[in-house]
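Trainee: Could you take me through the aromatic pairs of this model, with a close look at one of them? I would like to see how the rings sit in their surroundings.

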Amino acid sequence: TPLIFFLWEGRHAACEMPGSVGSKHAHVFRVLSRKSPFADQDAFDPGAETISYLQESCKVLVIGAGGLGCEILKDLALSGFPDIHVIDMDTIDVTNLNRQFLFRQADVGRPKAEVAAAFINRRLGHLGAKVTAHVGKIQDFDETFYRKFNLLIAGLDNIAARRWMNATLHDMVDKTSGEPDPATIIPLLDGGTEGFKGQARVIIPTMTSCFDCSLDAFPPQVNFPLCTIAETPRLPEHCIEYAVVIMWDQQFPGKKINTDSPVDMKWIYEQAKERADTFGIQGVTYQLTLGVVKRIIPAIASTNALISAALVAEALKVSTYCGPVLNNYMMYMGQTGVYTHTFPYEKKEECMVCGGAKFSLKRPKTSTLQELLDALGSNPTYQLSRPSISGSAGIVFIQNPKPLRQQHEYKLTMTLEQLMKGDPSVFTEGEELVVTDPSIPSKLTLQVFLDES
């Protein structure tokens, strides 16, 4: 019968797969051994050479070993990727155990990367997978480290780290000949989840839009006005913020809150609960306290699994050309049903990383240098954290080191007109200024014009 023939054919094909793990990855190798009407016929070369590349040459780096990272590591190992590396700076907290399934109670306090790597190696090592752990910040590793990999998959939970990684991969592209050298392009697959929502995207440096192109699509960080939390609290979050911002410093001056300490978190919770009771506010719980203090993004295991599956499927297609690659942004919206939307996120010409990185700003002539720095920080396209500015005459303002910053702090209260028309001038109107920021390694060219009205 056709079914029997299919089963026989599968076993026969598995027996012919190279290496001892061939039969265990027969489902993947079968895809890589046959022509496909969906694949690019010029790029996809089905057969032993493609399988050999996946098994012997392809090296993947997973950034983040949290809820999404655990799923990605598991899916990569099950999909035939043998050389996997993972980097994470965090240690395991008891609150991770409900969804980060590679961790156990006995692992609390240990580095996530090491525990996740050991678990995959122990459970899936028979499939040929070997995971190597790296403990530390992504910024602690230089270009030499990242150039070892053919593909990066990010399962990060904060925007700053994703921006840095995105900018670093773009800066690593060699353009000395005038055109990007394809051999220096390392694809970045970026995923993120929040509750029932998630996204997966493919970033090919210099070819597709980058992470910073979509920066203004992210909602701003929620911060509560101090006057509200101190005088007129209305929400349980207000009471928790008050305990963190006001009461902690009063009780423990000079001591920093350890968000991983159950003792510190219990104290915050108890003070917030007492304040909430005073104002008749309900809803302060220990779990909510952890969420507010640690800025925890709500996570649902099934959303992580779905986004991870999309990312690893794209990893297989990007690595072997066995199917059409996502172009280039997929959104999953599970809060209103089961709905996905795929669309090409376009490049931004003014993007600081992949665009022209040129920005013109018209400011009132009475506005100060401090107000100019604040405007750069609040700009939704750039969202700079601590910008430094330099021009043809030298430093306009620099954030670090502290002794050098102090030499230029007197300019902060000066108006732009004073800075431009002084003797000597600090910079001139319309001059191309260079803006740098510690959040990303890229530079922005800024032109400032005065509004005479």
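**Aromatic pairs, close up**

Mentor: Happy to. This is a predicted model, and the count of aromatic pairs comes to 11. Let us look closely at one of them, Y269 with Y286, which is edge-to-face. The ring centres lie 6.1 Å apart, and the planes stand at 90 degrees to each other. This pair links distant parts of the chain: Y269 belongs to helix 10 (residues 262–278) and Y286 to helix 11 (residues 286–293), with their positions 17 residues apart in numbering. How accessible are the two rings' residues, Y269 and Y286? Y269 has a relative accessible area of 23%, and Y286 has 32% relative accessibility. Buried would require a value under 20% and exposed one over 50%, so Y269 counts as partly exposed, and Y286 is likewise partly exposed.

For context, here are some other aromatic residues. F141, F145, Y146, F149 and W164 come together as one aromatic cluster. One of its members, F149, also has a charged neighbour: the charged end of K59 sits over the F149 ring, 6.0 Å from the ring centre. A second case of this kind involves an arginine, with R201 lying over the face of Y345 at 5.6 Å from the ring centre.

So, when you go back to the model, begin with Y269 and Y286 and view the edge-to-face arrangement, then turn to the cluster that includes F149 and W164.

Notes: Residues are numbered from 1 along each chain as its sequence is written. This is a predicted model: local features need pLDDT of at least 70, side-chain atom pairs count only at pLDDT 80 or more; totals for chains, interfaces and linings use all residues. Side-chain values use heavy atoms; hydrogens and water are left out. Rings of Phe, Tyr and Trp (its six-membered ring) pair if their centres lie within 6.5 Å; planes under 30 degrees apart count as stacked, over 60 as edge-to-face and the rest as tilted. Helices (H or I, at least four residues) and strands (E, at least two) are DSSP runs, numbered from the N terminus. Buried means under 20% relative accessible area, exposed over 50%, partly exposed in between (1.4 Å probe, protein chains only). A charge sits over a ring if NZ of Lys or CZ of Arg is within 6 Å of the ring centre and within 35 degrees of the ring normal.
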